Amino acid sequence: MESMAIADRLRAEFPEEILQSYTNQGQVAVIVRPGRIVALLRWLRDTDGVRMDHLRSLCGVDNLRRKDSESSRFEVVYNLYSIPLRHAIRVRASVGDKDPVIDSVAGLWAGADWLERETYDLFGIRFNNHPDLRRVLLPDDWVGYPLRKDYPLKGKGEWIGMTELLAKVKELDRFDFDPERHERGRTAPSQEDEQ
Amino acid sequence: MSRPVTKHLEIPAADGDGERYSLRMGPQHPATHGVLRVDLELDGETIVTCTPQVGYLHRGIEKLAENKTYAQSLILTDRLDYIAAMANNVGYCVAVERLLSISVPLRAKYIRTMVAEMSRICSHLLWLATHALDIGAMTVFLYCFREREILLDLFEELCGARLTFSYPRIGGVRQDVTAGFIAELQRFLDIFPARIEEYETLIDTNRIWLKRTVGIGRVTGGEALSLGLTGACLRGSGIDYDIRKHQPYDAYDLVDFEVPLGNDGDIYARYRCRMEELHQSARIIQQCIDRLPPGPIVGPDTPDLVMPNKAPARFQAETAAYGTGLVKLIRDQNLYLAGDVYVATEAPKGELGFYFVSDGNNRPYRMHIRSPSFIHIGALAAIAKGEMIADLIANIGSLDVVLGESDR
């Protein structure tokens, strides 16, 4: 089936949810409300003739610096593909401007678990009902969400764990090889010398 | 932050009942193929839970790319899967070309197909070498490196680099192949099929190899899809998904090749898939050599030019000012098409996808990299659960992960 026809069927099925659908470079995308995202993606996955069984990617987008954006500040973008039927669709969920949150789809695709953790890690978008929502790429005590557009490229100061790490390195330094104490030719005074 | 700080240097305490205990494997473990840490909870030698921890190699490539022009970001992709950098370069270029509607001349398409397949052979050889070494077959390691060395020498002749190539360009390739290069490559193709058989005689029916791989790390087709596995890991479970066939890019729709499939979804099935892929890659390279058409190697619309005089008019002022041809960073001007695309290519490790959002500027507004290694490591917990700890090593090797790509 043509991807645009799928978008039309989706609109008929979820008239309240679909905000917009468009085509760019031959790829069809729909912008949706976040409320019923799990039901919507399950419909795309399980309906005959649609069968989007492969979640190709899941990522966040921050529209803060875009002037032409039709969506809210934060988006979660799902790229879906049907392996048996060879068609694709992109679902962009607008998840709001402040405190973005959306339901997790880890129950539909087990692989979404880590992709959602990554999105949480880098954008601070929270996923309801996620089995294990922790940071994945950055340390657990990292402050801020680096891929947000208001996060500076060079970061905001040093990682707070760095002080602890340097202290540990300094502590372990005392086990290091010290050439002063092991100089060649300078043997420890033997008992005979002392006598 | 309310979350507890991970104590990296603390030895995890035992559970207390004397049977279950935790073990921290990595990040400096030789069999984790990079800086992967796996926190294990074990019952005897059986894995109860397995929690992979990544991020040691995180360099913020996606954030960096948002602050560089499309051409400048190309070199960042070398640092993803550094074992098959050419495949990343090609994937990146194909995606940007689709985003910005840039056409590529036929000769460049064939050359890119050729080098991408050479890269695939390199990657699979390194995979086989280290995977076999992990399981205990020492000899295969040296055999594989012998052939990989020939290919690295060829790459060096082609573009001067052995690992981080940046040879493809948006809209083509950097420089043309020479007759000497083609002749050397032909010599490699003449010996390579016999060399594959050599590896196969060493391990294909080896009793120890079979004991370590058959029936281990089994993933059904449905599970593999749900976990998001791609590449040989998905095809080993019997699902026919190869992006080179499904959504052909470059010259893949102009060459003949088959997509090898496995049935059992175990480590042995994935091993057989990759061995067959070596044959198919050699076949594709042979066809590229035979059919390589004459013509230009870079398209007229490329934003990234080594030759300023051939730049499109809208870039000429910038290219002249900058000499090297890298187009200057121009803010707040609509140079390119706005919009978003997701374009995937079949990298040696699986589906390497780039999701671009463009706002018309000459930098990507957002670049997301769908890296197969990240998703495969995420799937490790489900695959290794309930198996023996020794098989975890085999499973990591079989999923074929590289941490540079996973952590980005």
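This section describes the predicted model of a complex containing chains A and B, with attention to confidence, the sheet of chain A and the nonpolar core.

The predictor assigns the complex an ipTM of 0.82 and a pTM of 0.84. For chain B, the mean pLDDT is 83, with 87% of the residues at 70 or more. Two segments of chain B fall under 50 throughout. Residues 1-11 form one of these, with 19 contacts in the model beyond four places in sequence; residues 305-309 form another, with twelve such contacts. Where pLDDT is low, the predicted coordinates should not be read in detail.

Chain B comprises 408 residues, of which 61% are buried, and contains 15 helices and eight strands. Among its contacts with a separation of 6 or more, 69% link residues 24 or more positions apart. The exposed area of chain B is about 14900 Å², and carbon and sulfur atoms contribute 53% of this area.

In chain A, five strands form an open sheet of mixed pairing in the order β1-β2-β5-β4-β3. Strands β1 (18-24) and β3 (54-62) of chain A lie at the edges and have a single partner strand each, so one side of each lacks a neighbour in the sheet. With direction ignored, neighbouring strands of the sheet are turned against each other by 20 degrees on average. The pairing of β1(A) with β2 (residues 27-32) of chain A is antiparallel and extends over six bridges; within these strands, A:Gln20 is placed opposite A:Ile31 of β2(A).

Helices of chain A pack on this sheet. Helix α1 (residues 3-13) of chain A touches β1, β2 and β5 (87-94) of the chain, and its direction makes about 175 degrees with that of β1(A). Helix α3 (residues 112-123) of chain A lies across β3 and β4 (74-82) of chain A and runs at about 10 degrees to β3(A).

The largest nonpolar core holds 171 residues, and the members touching the most others are A:Leu41, A:Leu44, A:Tyr78, A:Val91, B:Tyr167, B:Phe356 and B:Leu392. Helix α4 (residues 106-135) of chain B supplies the largest share of this core, 14 residues. The surroundings of A:Tyr78 include two other residues of that group, A:Leu41 and A:Val91. Beyond four places in sequence, A:Tyr78 also touches A:Ile37, A:Leu55, A:Ser57, A:Leu58, A:Ile89, A:Arg90, A:Ala93, A:Ile102, A:Asp103 and A:Val105.

Methods:
Residues numbered from 1 in each chain as written. Chains lettered and ligands numbered in written order. Predicted model: local features only at pLDDT ≥ 70, side-chain atom pairs only at ≥ 80, totals over all residues. Heavy atoms only, no water. Core = buried A, V, L, I, M, F, W, Y, C linked by side-chain atoms within 4.5 Å. Buried < 20%, exposed > 50% of the residue type's maximum accessible area, 1.4 Å probe, protein only. Helix = DSSP H or I, 4+ residues; strand = E, 2+ residues; numbered from the N terminus. Contact = heavy atoms within 4.5 Å. Areas by Shrake-Rupley, 256 points an atom, 1.4 Å probe, with all protein chains shown as cover. pLDDT = per-residue confidence, 0-100. Pairing = 2+ DSSP bridges. Axes fitted to C-alpha atoms, helices over the stretch in contact; angles between N-to-C directions.
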